[in-house]
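This report describes a ligand site first and then some features of the backbone.

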Amino acid sequence: MRPARITVVISGRGSNLVALIDAVNAGKIAGVITQVISNRPGAQGLVHAAKAGIATRVVDHTKFASREAFEAALAAAIDDGRPDLVVLAGFMRVLGADFVRHYEGRMLNIHPSLLPAYPGLDTHRRALADGAKRHGCSVHFVTPTVDGGPIVAQAEVPVLPGDDESTLAARVLEAEHRLLPDIVGRYCAGRLVLDHGNVRIIDTRTAADRS
Ligand code: GRF
């Protein structure tokens, strides 16, 4: 099986991207990150990608007159990389239904909450305000419903007495850095598929071949 071609799409810091780069370099993901695309020119993640020798591109949403035009340019950039898998790793734009459908079953997102709890923004603040005892992160296939696609896996962390938004975010982020590479590794090994809208984890012995 040839290595999976991965495009990572980001908006900012890129710590999840770094976790993926590290996992690829450690041989834990049977794939190659062929390009990193950011909608923000100043994203720190672009610097991490360049340092790792990965091609970078910016598709700046502020330069487009409409969401459709932005998404057409983003899709063209992604498709240029002929990806087997697209990973949204801290990508902070809502994507339209047509765009998302084009990547059905091959686009994963990491979200900092135990979905379906707290879709959208400010998840840590909202969990604290609710007095939640547990929090965490989810990896899901992307569908037109924001943060609503089929959940692949979750990692849970406790909410501890005295936590504030930053201590809780840091604890969740550590969990993200374990969960995302693990799931991307499974996908690239052919052990994770979206089958008619259902997540299917496949036994290693019957893993699908990618030629
Ligand atoms: C992460 O918490 C991710 O779950 C969320 O945005 C944050 C991005 O962090 N969608 P980073 O850019 O990967 O450091």
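## Ligand shell

The ligand is surrounded by Arg 13, Gly 14, Ser 15, Asn 16, Gly 90, Ile 110, His 111, Pro 112 and Glu 176, where a residue is near a molecule if one of its heavy atoms lies within 4 Å of it. By class, this shell holds 2 nonpolar, 5 polar and 2 charged residues; Ala, Val, Leu, Ile, Met, Phe, Trp, Tyr, Cys and Pro count as nonpolar, Asp, Glu, Lys and Arg as charged, and the others, Gly among them, as polar.

The model is predicted: local features need pLDDT of at least 70, side-chain atom pairs count only at pLDDT 80 or more, and totals for chains, interfaces and linings use all residues. Residues are numbered from 1 along each chain as its sequence is written, and side-chain values use heavy atoms, with hydrogens and water left out.

## Contacts and pocket

Polar contacts are pairs of N or O atoms within 3.5 Å; within protein, one must be able to donate a hydrogen and the other to accept it, and residues adjacent in sequence count only if both atoms are side-chain atoms. A ligand oxygen lies 2.6 Å from a side-chain N or O atom of Arg 13, and a ligand oxygen is 2.9 Å from a polar backbone atom of Asn 16. For the side chain of Glu 176, the distance from an N or O atom to a ligand oxygen is 2.7 Å. Of the 370 Å² of accessible area that the ligand has on its own, the protein covers 87% (Shrake-Rupley method, 1.4 Å probe; for residues, only the protein chains shown count as cover).

Helix H1 (15-25) and strand S5 (107-111) are the elements that give two or more residues to the shell. Helices (H or I, at least four residues) and strands (E, at least two) are DSSP runs, numbered from the N terminus.

## Backbone features

A side-chain oxygen of Asp 164 lies 3.1 Å from the backbone nitrogen of Ser 166, capping the N-terminal end of H6. Just after H6, Gly 190 has a positive phi of about 75°.

Leu 115 and Pro 116 are joined by a cis peptide bond with omega of about 10°. Pro 116 belongs to the loop between S5 and helix H5 (123-129).
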